[in-house]
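Student: I'd like a close look at one part, the largest pocket, and then at what packs around it. Please take it slowly, since I'm still new to this.

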Amino acid sequence: MSEKELRRSMAVLPIGTVMKLTSLTARQIRYYEKNELVFPNRSEGNRRLFSLNDIDRLLEIKDFLADGLNIADIKRVFKEREQKLQNDLSDTQMRRLLRDELLQTGRLSDDPGPVFPIKRV
DNA sequence: GTTCTGACA
DNA sequence: TGTCAGAA
């Protein structure tokens, strides 16, 4: 994971800040959490701590709601998105394996030049 | 002063 | 979804 991604996933924002950044009420934010649309961390004192990713997530929820989707719909959207992410991951893994196979077989050198189109991952 | 949970005139 | 109570 890159540093950038790590920072985006750092949960450090209290709900008050999130309210200002998203224009959502604490009531709404807590409601979305109860419905498993967002998963903020908790501090020792049981206070919610949000990350920048959580902010984006809440902003998306806001847009989807404005488009007429209900909680169940939004849940599916996020669910399918993660499913796709999983597929893409296994896809790059598979390509890596295939590339390594070809390297060991000697069909591919470190600098093969223009042989045939194999997209390197 | 801020946030949490539960409840509802 | 707003808002109030009682606690942390």
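Tutor: The largest pocket has 14 lining residues, and F39, R57, F78, R81 and E82 are the ones nearest its centre. A pocket here is found on a 1 Å grid over the protein atoms alone: it is an open set of points where a 1.4 Å probe fits, with protein on both sides within 12 Å along at least five of seven lines, and a lining residue has an atom within 4 Å of a point. Before we go on, note that this is a predicted model, in which local features need pLDDT of at least 70 and side-chain atom pairs count only at pLDDT 80 or more, while totals for chains, interfaces and linings use all residues. Residues are numbered from 1 along each chain as its sequence is written, chains are lettered from A and ligands numbered from 1 in the order in which they are written, and side-chain values use heavy atoms, leaving out hydrogens and water.

The space in this pocket comes to about 410 Å³, a volume filled by probe spheres set on the points, which are joined across faces, edges and corners. Its lining holds 9 charged, 4 nonpolar and 1 polar residues. In that count, Asp, Glu, Lys and Arg are charged; Ala, Val, Leu, Ile, Met, Phe, Trp, Tyr, Cys and Pro are nonpolar; the others, Gly among them, are polar.

Where do the lining residues of the largest pocket come from? Helix 4 and helix 5 are the elements that each give two or more, and helix 5 has the largest share, with 6 residues. Helices (H or I, at least four residues) and strands (E, at least two) are DSSP runs numbered from the N terminus. Chain A has 5 helices and 2 strands, in the order α-α-α-β-β-α-α from the N terminus.

Let's follow those two helices. Helix 5 has 35 residues, so at 1.5 Å a residue it should span 51 Å, and its end C-alpha atoms are indeed 51 Å apart. The expected span is 1.5 Å times one less than the number of residues. Its buried residues are I74, F78 and L102, where buried means under 20% relative accessible area (1.4 Å probe, protein chains only). Helix 4 is part of what covers them. F78 is also one of the residues nearest the pocket centre.

Helix 4, with 15 residues, should span 21 Å, and its ends agree with that. Here D54, I55, L58, I61 and F64 are buried, and they pack against helix 2, helix 3, strand 2 (48–49) and helix 5.

Some of these residues also belong to the largest nonpolar core, which has 16 residues; V18, I29, Y32, F50, L58, I61 and I74 touch the most other members. Helix 2 (15–22), helix 3 (26–34), helix 4 (52–66) and helix 5 (71–105) each give this core two or more residues, and helix 4 gives the most, 4. A nonpolar core is a set of buried Ala, Val, Leu, Ile, Met, Phe, Trp, Tyr and Cys residues joined through side-chain atoms within 4.5 Å. Take V18: beyond its neighbours within four places in sequence, V18 is in contact (heavy atoms within 4.5 Å) with L13, S23, I29, F50, I55 and L58.

Conventions:
Buried means under 20% relative accessible area, exposed over 50%, partly exposed in between (1.4 Å probe, protein chains only).
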